[in-house]
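Load this one into your viewer and keep the sequence open beside it. We'll start with a bit of vocabulary, then go from the overall outline down to single residues.

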Amino acid sequence: MPKFLNCVKETSDTTGTGPFDLNGAPQGFFPVGSQAQSGDQIYYTAVDNPDAPTMREIGYGTFTAGTPDTLSRDVVEASTNDNEKVSWPGGTLTIVATATAGSFGGAGPLDQIFAKLGDVNSFTKTQKWSKGADVTPVAGVLTLGDDGNYFVLQAGAVTSIATKGVGTTIRLQAAGVSPLTNSAGLVVPGGDYATVPGDVLEFTEYDAGQWRLTGGRAAIGGALGSARVVTDAVQATTSGATKSFTAPFANVKRITVLFNAVSLSGSDQLLVRIGPASGLATSGYVSSAEAVQGGSATSNATSTVGFVITVGGASSRSIGRMVLERFGGDTWIESHVAGIATNVDGFGGGNVTLGGDLTQLQLLSTGSNTFDGGSVNVVWETWP
């Protein structure tokens, strides 16, 4: 940062636009060299006539001790030559070491003003994020372009972000599901997190190649990592053999399956399967269900290949809900209740332990029946 000097004034016989030759201080003033060393930058004002100037130049330059001492003209903040260096025609000039408007953040090129302020930018207007091209992680690494600081994040797992320089802050808006793995190089407070479309995440690079999630908003409202409830799209159960749903985020804690008059083409029972990303679990279930009419059981079923729900035959339908809750780790507890026919109700429960985090659910029959009526939907929930 250029220096301020006290009571410093010198004369010069410089012509043209080169450095000022400093010829010494008038009586009562000090020369530049009395308070500056070679290489120091000095604010100055130069005029052709100190009493009635017609030509003037204001800026800062670099002092060099010598015979004579000189002062370069590094930056011109203002002048009578359209704010460029004045080409001095000759005569005695007066050079005064004085504060300039730019030295206090006033007039002058913005980059120089910010340098004088210690690179502190005082915002006075609305600040906007500059949108760059969409980004997609490759083998877990997210590389950001130089065309902005706000990017749309396409689906894909993120384990690290390529360096952009310590202190860089960027925003990502999720376009799909992107699991973020918490690590020393990608700090995600609260642990691993998977985005859903519409999430906005803010990251800051706090050390070379090391980023931290510093803020953001969940697509459904609230802070990232807060409780989430997402209702899936309704699927008609009027045809087909299976209806599949995919979890909208990681670490699901509770699932509610809603049956709206779901019926089958024959006497099979309904079956619900869940599973991790590697595939639906097709074994290991402990499940039973029963249909009751007037306090007496009319039918029952058990299954080890899925959570079973009694339907009662081709003329029956299921209206009700199944609730699956994470018991701990990857073990899930199931319970359900439904109306099957006039004065006939069904209920049951079960459990299963998966081989990883639940990501999918499927509704099907216990045999070869197809769907022929109603609709089904799923509500997904999680919380810290």
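Two strands count as paired here if DSSP finds at least two bridges between them. Keep in mind, too, that you're looking at a predicted model.

With that in hand, take β22 and β27. Strand β22, residues 286–293, pairs with β27 in the antiparallel sense, and the two share eight bridges. If you want one spot to check, find Val292, which stands opposite Asp345 in β27. Strand β22 is also joined to β23, residues 296–303, by seven bridges, again antiparallel. Val292 turns up here as well, standing opposite Ala297 in β23. The hairpin of β22 and β23 has two residues between the strands, and Gly294 takes a positive phi near 60° in it.

Now zoom out. What does the secondary structure of the chain consist of? The protein chain has one helix and 29 strands. As for the outline, the C-alpha trace spans about 120 × 35 × 30 Å along its principal axes. The radius of gyration tells its own story: the protein chain has 37 Å, while a compact globule of 384 residues would have a value near 21 Å.

How much of the chain is buried? Of the 384 residues, 41% count as buried. The exposed surface comes to about 18100 Å², and carbon and sulfur atoms supply 52% of that. If you care about electrostatics, there are 21 positive and 32 negative charges in the protein chain, and their mean positions are 7 Å apart. On the contact side, take the contacts with a separation of 6 or more: residues 24 or more positions apart account for 58% of them.

Back to the strands, this time β29, residues 371–382. Strand β29 is mostly covered, with ten of its twelve residues buried. Which strands pair with it? One of them is β20, residues 254–264, which runs antiparallel to β29 and is joined to it by nine bridges; within that pairing, Asn260 has Ser375 as its bridge partner. Another is β17, residues 228–231, which pairs with β29 in the antiparallel sense over four bridges, and there Val229 stands opposite Glu381. Strand β18, residues 235–236, is joined to β29 by two bridges, also antiparallel, with Gln235 partnered by Val376.

Elsewhere there is an open sheet of five strands with mixed pairing, in the order β9-β11-β15-β16-β13. Strands β9 (150–153) and β13 (186–187) stand at the edges, each with a single partner strand, so one side of each is left without a neighbour in the sheet. For β9 that means a parallel pairing with β11, residues 169–174, over four bridges. Leu153 has Ala174 in β11 as its bridge partner.

Finally, pick out one residue: Gly350, which sits in strand β27, residues 344–353. Is Gly350 buried or exposed? The cut-off for buried is under 20% relative accessible area, and Gly350 counts as buried because its relative accessibility is 16%. Leaving aside residues up to four places away in sequence, Gly350 touches Val286, Ser287, Phe307, Trp332, Ile333 and Glu334. For a sense of scale, try Trp88: Gly350 and Trp88 are 262 residues apart in sequence and 95 Å apart in space, C-alpha to C-alpha.

Conventions: Residues numbered from 1 in each chain as written. Predicted model: local features only at pLDDT ≥ 70, side-chain atom pairs only at ≥ 80, totals over all residues. Heavy atoms only, no water. Buried < 20%, exposed > 50% of the residue type's maximum accessible area, 1.4 Å probe, protein only. Contact = heavy atoms within 4.5 Å. Rg over C-alpha atoms; globule rule 2.2 N^0.38 Å. Areas by Shrake-Rupley, 256 points an atom, 1.4 Å probe, with all protein chains shown as cover. Lys, Arg positive; Asp, Glu negative; His and termini not counted. Charge placed at Lys NZ, Arg CZ, Asp CG, Glu CD.
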